[in-house]
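Visitor: I'd like a close look at one part of this model rather than a full tour. Pick a charged side chain, tell me what it pairs with, and then work outwards from there.

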Amino acid sequence: LFIATANTMVTIPPALLDRMEVIEVPGYAQEEKLEIAKHHLIPKQLAQHGLSADHLVITDGAVNTIISGYTREAGVRALERKLSALCRSAAVKVTEAEVGSVLPIVADGTFVEEVLGVSCKRFVLITGSFKCSLLASKVLSE
């Protein structure tokens with residue numbers, strides 16, 4: 001018995017593919033990604049960036065915005081990278097904050113767009129192009 005995994009079947013040679021039994025496993029649903037983020041990814045990223053819930057609160061709406069507008073994969077790797085970017089931005093704001101300033105920072109949809117730029121979905125709606133790049137926010141601001 002031989003078990004192999006792949007993200008795509010395009011790269012598997014046809015001769016090998018003919019001899020394999022393919023079992024497709026779907027990715028996580030949006031609700032599952034939200035729960036994974038709340039219980040695993042957010043606490044992990046807060047700890048890695050030296051933050052706590054006293055410094056940064058990431059709302060469910062912000063996580064849903066990231067899932068639907070900034071990630072296009074079945075898994076949660078890209079979601080974790082985007083949450084990491086939010087935590088880095090918040091860590092900078094916390095270190096630059098004056099004594100007595102308003103904490104925690106609440107990461108909502110506005111904060112997400114401020115840190116991550118224009119979402120892929122919004123970029124497609126505005127430009128009509130399916131290309132989503134890091135330059136989307138620059139293109140739209142000009």
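**Lys38 and its surroundings**

Guide: Let's start with Lys38, which is partly exposed, at 33% relative accessible area. Keep in mind that this is a predicted model.

Lys38 has two acidic partners to talk about. Take Asp60 to begin with: its side chain and that of Lys38 meet in a salt bridge, at 3.7 Å from N to O. Lys38 belongs to helix 2 and Asp60 to helix 3, so this pair ties together parts that lie 22 residues apart in sequence. Asp60 is itself partly exposed, with a relative accessible area of 37%.

The other partner is Glu35, whose salt bridge with Lys38 has its closest N and O atoms 3.6 Å apart. This one stays inside helix 2: the two residues are 3 apart there, which puts about one helical turn between them. If you want the geometry behind that, an α-helix has 3.6 residues a turn, so residues three or four places apart point the same way. Glu35 counts as partly exposed too, at 36% relative accessibility.

What about the rest of the salt bridges? A search of the whole structure turns up 4 of them. One of these pairs Glu114 with Lys93, with 2.8 Å between the closest N and O atoms. Glu114 sits in helix 5 and Lys93 in helix 4, so here the pair ties together parts 21 residues apart in sequence. Glu114 is exposed, with a relative accessible area of 51%, while Lys93 is partly exposed, at 32%. Back at our starting point, salt bridges with shared partners join Glu35, Lys38 and Asp60 into one network.

Now for another lysine in helix 2, Lys33. At 7% relative accessibility, Lys33 counts as buried, because the cut-off for that label is under 20%. So what does Lys33 touch, once you set aside neighbours within four places in sequence? The list is Tyr28, Ile67, Glu73, Ala74, Gly75, Val76 and Leu79. A polar atom of the Lys33 side chain lies 3.5 Å from the backbone oxygen of Gly75. As for Ala74, it is 41 residues away from Lys33 in sequence, and the two C-alpha atoms are 9.3 Å apart in space.

One of those Lys33 contacts, Leu79, is among the buried residues of helix 4, so let's look at that helix. Helix 4 covers residues 77-96, which is 20 residues, and reaches 29 Å from its first C-alpha to its last. That is close to the 28 Å expected at 1.5 Å a residue. Its buried residues include Ala78, Glu80, Leu83, Leu86, Cys87 and Val94. Which elements do the buried residues of helix 4 pack against? They pack against helix 2 (30-48), strand 1 (56-58), helix 3 (60-69), strand 2 (105-107) and helix 5 (109-116). So the helices we met through the Lys38 pair, helix 2 and helix 3, both turn up among the elements that helix 4 packs against.

Over towards the N terminus, Phe2 lies in the segment before helix 1 (14-18). Phe2 is exposed, with a relative accessible area of 74%. Met20 is 18 residues from Phe2 in sequence, and their C-alpha atoms are 9.4 Å apart in space. Met20 also helps make a nonpolar surface patch of about 300 Å², along with Met9, Leu16 and Val22. Met9 comes from the segment before helix 1 and is partly exposed, at 37% relative accessible area.

To place all this in the whole chain: the protein has 7 helices and 2 strands, running α-α-β-α-α-β-α-α-α from the N terminus on. Of its 142 residues, 31% are buried. If you take contacts between residues at least 6 apart in sequence, 66% of them join residues at least 24 apart. The chain exposes about 9,800 Å², and carbon and sulfur atoms supply 57% of that.

Note on methods. Residues numbered from 1 in each chain as written. Predicted model: local features only at pLDDT ≥ 70, side-chain atom pairs only at ≥ 80, totals over all residues. Heavy atoms only, no water. Helix = DSSP H or I, 4+ residues; strand = E, 2+ residues; numbered from the N terminus. Buried < 20%, exposed > 50% of the residue type's maximum accessible area, 1.4 Å probe, protein only. Patch = residues over 30% accessible without salt bridge, like charges linked within 9 Å, V, L, I, M, F, W, Y side chains within 5 Å. Areas by Shrake-Rupley, 256 points an atom, 1.4 Å probe, with all protein chains shown as cover. Expected span 1.5 Å × (residues − 1). Contact = heavy atoms within 4.5 Å. Polar contact = N/O pair within 3.5 Å; in protein donor to acceptor, adjacent residues only side chain to side chain.
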